Structure formats: structure tokens, C-alpha cells
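Okay, thanks for coming, everyone. I'll walk you through two parts of this one, so let me get the picture up on the screen.

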Amino acid sequence: MSEIQLPNTRQENWRWNNLRWLESLSSSAKNQIHKAKSNNQNVKFMQAIEGARESISVFSDSERELCELALCGKTTSIPDVYHDRITPIKIQSNAPHEVVNRNMITRVGSHVNACFEVDTASANAQWTNAWVHCKVESTSTLDVILPSISESQVDSALTLTLSFDLEASSRVRLHTFLSNRSFQRVDVLVRLRGTNSTFLARGLNIAGEHEEQDIHLHCLHQAPKTRSHQEHVGIAGHHGHTIWKSLATIERGAHGSESFQRNDNRLLGNKARVSSKPELKIDEDDVKASHGSATGRVNEDAYFYCRQRGLSPRDAKALLLEAFVEKSFDDLSSLIDKDALAAKVERALGKVIYEE
Amino acid sequence: MLTIDNLSASVEGNPILKSLSLTVGAGEVHAIMGPNGAGKSTLGKVIAGHEEYDVSSGSIHLSGEDLLELDIEERASKGLFLGFQYPVEIPGVQNHYFLRTVMNAQRKTRGEDELSAGDFLKSLNEEMKALNMDADFKKRAVNVGFSGGEKKRNEILQLSMLKPSLAILDETDSGLDIDALKVVAEGVNRLRSPERSFILITHYQRLLDYIKPDVVHIFADGSIVKSGGPELALQLEEQGYASFGVKA
Amino acid sequence: MSEAIHEQVAKQDYAYGFVTDIDTEIIPPGLSEETVQWISAKKKEPEWMLEFRLKSFEAWKKMSEPNWAELDYPKIDYQAISYYAAPKSLDERPKSLDEVDPELLETYEKLGIPLHERAALAGVAVDAVFDSVSVATTFKDELKKAGVIFMPISEAVHEHPELLKKYLGSVVPRTDNYFSALNGAVFSDGSFVYIPKGTRCPMELSTYFRINALNTGQFERTLIVADEGSYVSYLEGCTAPMRDENQLHAAVVELVAMEDAEIKYSTVQNWYPGDDNGRGGIYNFVTKRGICAGARAKISWTQVETGSAITWKYPSVILKGDDSVGEFYSVAVTSKAQQADTGTKMMHIGKNTKSTIISKGISAQKGRQNYRGLVKVLPKADGARSFTQCDSLLIGQKCNAYTFPYIEVENPSAQVEHEASTSSVEEEQILYCRQRGLKEEDAVNLIVNGFCKDVFRQLPMEFAVEAQALLNVSLEGAVG
């Protein structure tokens, strides 16, 4: 364990908000959340969470202490990885009225192809917070999939931090699917520390009725010829809010690096909200970086075309939305049961359309 | 016209050209053929004055001028044109504006008067017509969004406007379909004259079906291993580089 | 690029760095209620104007300087700045140009802005502001004939109080931000423009700002009201002497476009940028905002920012009227040790509102540049459309470019698109141009100008040429 380096957090404060927020949550904020939750007031519950987040402005813990805190007690280690099967990372919490914290540190050895599935299905506490850190050694490939879509809407909050350290010529592919939980926030920190390392992220947020699906990514290019490629799609239903915030930092010396960010969104129904916040910080001139975003409703020409060919409004929309989210499945590890996942996504989409 | 004597050059310490000598007379067309990675393109870049390459020994003279003493743009003004294998895109700069700017820059360096806008446009329109180019070509940004064939044609257009005394065309035929190749070849043939020499750097014989060279050189491992007439290219086409003792 | 040019960071001349030697009245440094009262009294302002100032000052005292921008500068001591400076000869406002101090006229002559109408730029009316006061306004009579009001805001306070009371602070409220509150308390002069209903302003209007006195700040305020169906094109230019000390410039610009009105506002900002090591230069903290108050109104901001040590500026448009249009075209250069945090905000409130943002940032030498933008579509803005293109160009190893383009959409019928890229001037591009005969510097200028073309196209003809020249000067010696 000792050889695993924890991220140096000096420039990465924002990522720690989850943990800090959790650790320094005042008891009154906790009570508020409990109260809102027990009265089954969904909106208030979320407001309480937001309020708690904002109420914390000063953090007294030093970063080092924080790291130790993160490591203590509840750490689980997964030393063995297999190249021919999925290793599940279970984020369990069945206690109904408790805030749960789980931290895991994982090392992926050299020349290993590994696939982790972050299993959140059993995280049924009203609020679960977890941190998974992966160190990926040189020339390894790591697939991580986070299919956080419950079968039915779960009235709870999940905050999850995924961090990756990539060594030379290693590769991480991350697929996230967020839906059917009142509040989910996933923070992804990627440090491309070795030359030629690559990070690929594809994601899908489906914010159903009164849901907030929030993903924040920070990709640090710290070595030459590193590449990051992110494509994310979001769908906001009735009173739903999808958030995508992505920061790509290309540090001085990371020459020949490339960064690509793309975020497209569809709004359905009333009071749907989209926040799209791409950020680029570039300190090196020999790079290629671009980002793009398009937000709107379902393509009207395509919609008309589908209707003319005989589809009902609902089916036409479903078809177009399925096409819209299709690229979230690209590059998915062959170990994943893609059909089962696609069926889950389809059901979540069906609900959003219905809500309109 | 061009005299290269015993030229050696390297990039980042790796020798690429090794004691290469070559003489091109006025009005002659020379073809330099060789396998990929032999350093053919390097020769063009070294003659043009690319700063990445260090010339360790030898000399290059164009019409009596010592080129090694001159910067890239000064060599251009002396009548040297290098057609790029991958012509560069310059967003936001219109083709006609670019051409006029570079023509006037060359004239200025040579101490000549600037071209009037009218004269420039007149000859541009003539050349474009001869090359069968649409008028909207002028207004498009330099090479931006051009197909491979359009880029090469644009190089030929610049060549015909700049009227150099020596044109080096680096793999001008790569990526061209047969129609585009013909247009390019016709452009070159039209520009052949007793005052103008050409060096065609190419991998295949194909281009030489349309542009008849006076001399063919076989280039391998940093220098010329054999020179001869057009028949050399045909022999190469039939028997391959190996027949010349060259690793393809 | 060649080492030789890399190292030959030419001792680049800031052409407008001279100081005018003129007898100036400067109040001692420091800011208090008394200072505000003194300025108001000096300008013989009515009670309501003094009240506006005092309320702004009260608000300012309770606020703190914003620190969210990616800018790095030493703390500003607001008590060390003098808040009013004016040539003594302008104590009594000259009735005609003949009464203006020749020294001042010569200053503007040197800046390329002759104030004598026979020599003045054809078709451009100029209001010249020197430190805290307006020197002269040209073509006043001709504008009057068209019903256009173009005068120093200090005069407008007396002559058009009803308009000022109605619109001053209506777009940028007193409490909007730290610098606008400061401006509200101590603003000295600036321009007021009113274009009556259905009038197309017969000429370009222009204000030329000059900071001269040492240790002073400039706090000008501009208000442009375009009544129904009117059109105006307005341009501002700015320069300052080369000094080792930093000087503060905190301006507020408010634009009001009524139904079917159009305001085109262009800026060529060339404040002294400081030296290569970041010594001296203007701190430019500016609040610019326009409101499309009526249906089909249009506001267009075009800016070419090459000067200032620090730039903090986000010209914005509130698209309130249905079918109204907001545009932002920007070229910003940070060279030497300049820093800029600039961008725009487009607030879509009305139906079928449209916004376009084209931003080109160029960073060279030790320049730092941030694009910060927000496109917000509110729930009632059915059919809103927005397009953003935001590109950065890096020249050299020590500069950087950050981009923060935020998008918030709360209406499902909106279409919001955004494209951004960061690139450098590629060696291959330079090589290509040089092979065709261009000098390295000319090659860089050609490439950079091509990069900025979409924005230069938006500038009035006369200034597009000036802007292009300015850009070339700003990047002189930056190649490497």
C-alpha cells in the first residue's frame, strides 16, 4: 500500500469538495437533510444538500490530514485484477438514515487490462459518499464503468470521487451513466503523469423529474504527448437539471498534448435545466485543444421525418434520443453486457419522455 | 543553374544527406526517385533553407549565388520555389491576398516595384483560367478545407504566378487522382522554358508519364546512386529498387 | 522560429507614451465622502447627482474587490489614488476650439485625433476626454441639426437631467460590482449620446480618452440611449503616457436600445501596457453592459484590446425585447507581461432572442489571457439562439490561455452552440510563408491577422486598418 502515492491536492482543491463537505458538514445541516428526507420532500431535500454545500466556506483541515483521513479505517484494497473479467467495486450502504463514506485505493499493475464496474445499486443510504483512487502503471489499460442507474427512482444522494493516476503509455477508459437518483455528483480527477498516456471519457446524464445529475471532470496533462478525449451527453427532463463541468489543464512542458471536450444536451419538458461548463487552462503552446457544445431540443427535421414515416410522437422522440445517446456506448469494454446496460438506459429515457 | 557540391546535412545529429552532388542546367527537368524514408524530401528542404537541418559540409549555388548564406525568404526571392508535399493551411488569409503579399515581398527584396492591384488580378485570372480553377478559389483561405488535389493545384498556381527559375516539387503527385495529376502535369509542362528548371521528387514513375524528365536520378541512403535518361525510370518501374542495390 | 528573432525582443515603442506638460489641478490622493462631495461641487452638480454619487460611495464601502478572475496584481491602495485631475485652462469650459489650450490641441494632434473640424476625420464626431474632463466635442452643430445629442456627460447633467435621471444606472445598477460602485461615486466625465426616434446618426461618434496626470485614476462614464428605430455607431479609443506606476481606470458604459434601435459600439483600447517586466501600465477594470429594451433591438460590441497591464472587462447584453440581437466580437492581445480576463455575458430573456460571440485571444511573451463568458437562457426565452466561437492563439513558451465559457439553459426550445479551440502559430505555417518570400515577422503578422479576420470585419472601415496596425505593433518582437 505504501507505494501508492496520494494525489497532491494543492492545485486540485475543487475535487476535494466532496470529502471536505462531508467531513465538515455541520450537525444542523445533517439534521436538515434528515428532516427533509423523512418528510419525503424531494425538492427540499436537494435544497438542503445544496445549502450544506454552500455553507462551508472555510476548511480548517490541512490537505495532508485530509489524505490520512481518507485512508483511515474504511479503505478497501483490491490487489488482484483480472484481464478477463469485471472486478466489481461495491459501494454498499444499506443503513437508511446515515451518511456513509467509503474509500478505496487500487493499483493496476503493469501490462494489465482491467475492468472495474462501480456498483452503486446497493448504496441506499440517504446519502453515500465514496472515493475510488486508481493508480495505473505504465502500458496498462483500465476500463472503468459506472452504471449508476437504478431500476426505479431512488430518493437519495450519491457523491462519488474517482481519481486516476496514469503512468507512461497507460490508458483509462471511463464510461459513466447517471440517472434515477435524486442527486448524484461524480467528480473525476485524472492526472496524465506519464508520456503518451491517454484518458477517454464517455458519459450520459439523464436527469429525470426533480433529479440533479452532475459530473465534474478535471484532466491534468502533466507529461508530453498525453491525450484526453471526452464526449458527454445530457438529457434534462421535467424539473431535471443536468450539469457537466470539465476542466482540462495542460501544464507547461506537456508538449504535443491533445485535449478534446464535447458536451451536447437535450432539454425536454418544462423547467428543464442544463449547465455546461467547459474550461481550458493552457500553459504550453505546442498543443491542440478544442471543446464544443450544443444544447437544444430534439432535431426538428429528423423528428418530422420520423413522424412522416409513421412513428408516434413518443416513438419518434425515443428513437432520436436513443440515437443521441448512442455514442455513450462507444469504446465500451467487451466484458460489459452492453445490451443489459442499453436496456436500462432505454427505460430511463422512456421515463423522461413520458414526463414531458 | 543549380550546383550542389558534396552536400552533407543532418537533423538532430542524424546524418540524412551524405556527400550529395547534383547539377541542374537551365531549362532542364530532373526527377529524383527513391524509396520512402531515403531523405528525398530532406534534399528539397535543405535547398530551401529549412532551419531544422544542419548543413555540415558542401555547397549549394543557384545562378552563381551561394544559397547557404541566405535565409529561406531570401532564397525564395532569388527564384527558388519549393512545392510542399503537404501544403500548409492558413485560416482567415484569402488566397489572392496571400499571393499578392508574397509576390510583393519578393519584389521588394529584389528591389523591384510593387505590382499594381489591377496587373496582379489580371495575371491571376489568366493563370487560374489556364489551370481550370473556379473564381471562388481566390476568396478561400489558403489551403483551408481544400481537398488534396486542390492543395496541389494551388501550389501550381503559386508556382505559375511567382515564375521561379528553379522549382522543386516534393511528391506533388502523392494523393492525386489521375485527373488532378494531369492538371498538375499540364501546369508544369506549360511552365517549362529555357530559363526555368525543375526538380521533381517522386516515389513513382506515374508522374513521369506526363512530365518528361531530361535526367533521372536514383536516390538512396542520402545520396544519388545512379543517374541516367528517362529510361532509368522505366527500368526502375519494371525491376524495382532492388535491381539498383537499394533496399526498398 | 529562429533564435535570433526569439532573442531580439525589440525595444518596442509605445507610440503614445509621451506626457503633456500642462498646468493641472489635482486633488490630493484619498477617497472619502468629502472627496465625492468635492467632485460634485467642482462640477456644480444638482442635488440628485450628488445623491447618486453618495449612494454609490456607501455601496462601495460595503463591498470588496472581486477576486474570482485569473489575474495577479498587487493590492490596490484606493487611498493612494487621486480622484480628480484636470488642466487648469479647462476650469471654465472653453466656448470654442479657439479658447482651448494649444498644448492640449497639440496632444490630440500627436495622438492622431485632430480636433479642428477642417482637419478632423471626415464623418467622425469626436469627444476628447483628458484626465477627468472633456476638452472638446467636434461636429456638435451638425449633429444638433439631426437631433442627436452628443456631449460630455458633465454637461448633460445640466442640460438633459430628465434623460440622465431616467437612464443613468438603469443598466448597470450602483451596486452591480465593486468597480462600478466606485465609478458611480467619483466618475468625472465621459460621453452622453441620445439618438431620437427614427434617426440614423449621420456620422460615427467617437470618444477619445487620454490619461495624462501622474498618480490619478480615470473614471469615465458613458451613456448611450438609442430611441425607437434609431441607429448609431460609436467608437472609443484610449491611450496613456508611459509611467512606472500603475494607474487605475474604472469606467462604466451603459447602452439602452429601444424597439428597433441599433447600437454598434467599438473599442480600440491601447492604454499603456507596462514594460516587459510588468512595471507600469494601466489597470483597466471596466463594466460595460447594454440592454435591448424593446423588440428587435440590436446591440453589437466590437473590441480590439491591445493595451493595459490588467484588463477586467465583460461587455454584456441583456436581451429583454423579443427578437432582439446581441453580438460580441473581440480580439484581445496580451504580450509583454499583460494579463486579461475578458469575455461577455448574454442574458436571453425575450422570445426569439439571438446572440453571437466571436472571441479571438492572442497570447505572446509572458502574456496571460482568459476568456470568461456566460450564455444564459431564462425560462421565458422561447426560441432563443446563441452561437459562440472562441479561439486562442499562443505564441511562445511563457504565455498561457484559459477559457471559461459557461452555458446555462432553462428553456427547452433554445439552441445554444459553442465551439472553441486553442492552437499555436505552427512552424510549418511560418516555413511555408517564408519559402514563398515573406520575412518571419511578416509571416507571423499575416497568420495572426488571418486568425482575427472575423472580428476586424466588424469594425468601421477607418478603424479596421488602425486595429490591424495596432495588432502588428503589439506583437512586435513577440515572435519566438
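**Where chain C meets chain A**

So, let's start with one pair you can zoom in on: Glu419(C) and Arg262(A) form a salt bridge through their side chains, 3.3 Å from N to O. Keep in mind that this is a predicted model. That pair sits in an interface where five salt bridges turn up between chain C and chain A. On top of that, we count 22 residue pairs in polar contact between chain C and chain A, both partners at pLDDT 80 or more.

What does chain C bring to its side of the contact? Strands S22 (400–409) and S23 (415–424) of chain C each give at least two residues to it. By type, the chain C side splits into 13 nonpolar, 12 polar and six charged residues.

How many residues take part? It's 31 from chain C and 31 from chain A. The two chains bury about 2,700 Å² between them, with 43% of that on carbon and sulfur atoms.

Now look at the strands here. S13 of chain A, residues 273–282, runs antiparallel to S22(C), and six bridges join them. If you want a spot to click on, Leu280(A) is opposite Thr403(C) in S22(C).

Okay, over to chain B. There's an open, mixed sheet of six strands, in the order S6-S9-S10-S3-S11-S12. Its edges are S6 (80–83) and S12 (223–228) of chain B, each pairing on one side only. Neighbouring strands in this sheet are turned by 20 degrees on average, ignoring direction.

Inside that sheet, S9 (166–170) and S10 (197–202) of chain B pair parallel over five bridges. Leu169(B) has Leu200(B) as its bridge partner in S10(B).

Methods: Residues are numbered from 1 along each chain as its sequence is written. Chains are lettered from A and ligands numbered from 1 in the order in which they are written. This is a predicted model: local features need pLDDT of at least 70, side-chain atom pairs count only at pLDDT 80 or more; totals for chains, interfaces and linings use all residues. Side-chain values use heavy atoms; hydrogens and water are left out. Contact means heavy atoms within 4.5 Å. Buried area is the accessible area (1.4 Å probe) that two parts lose on being put together, summed over both. A salt bridge is a side-chain nitrogen of Lys or Arg within 4 Å of a carboxyl oxygen of Asp or Glu. A polar contact is a pair of N or O atoms within 3.5 Å; within protein, one must be able to donate a hydrogen and the other to accept it, and residues adjacent in sequence count only if both atoms are side-chain atoms. Helices (H or I, at least four residues) and strands (E, at least two) are DSSP runs, numbered from the N terminus. Ala, Val, Leu, Ile, Met, Phe, Trp, Tyr, Cys and Pro count as nonpolar, Asp, Glu, Lys and Arg as charged, and the others, Gly among them, as polar. Two strands pair if DSSP finds at least two bridges between them. Axes are lines fitted to C-alpha atoms, for helices over the stretch in contact, and angles run from 0 to 180 degrees between N-to-C directions.
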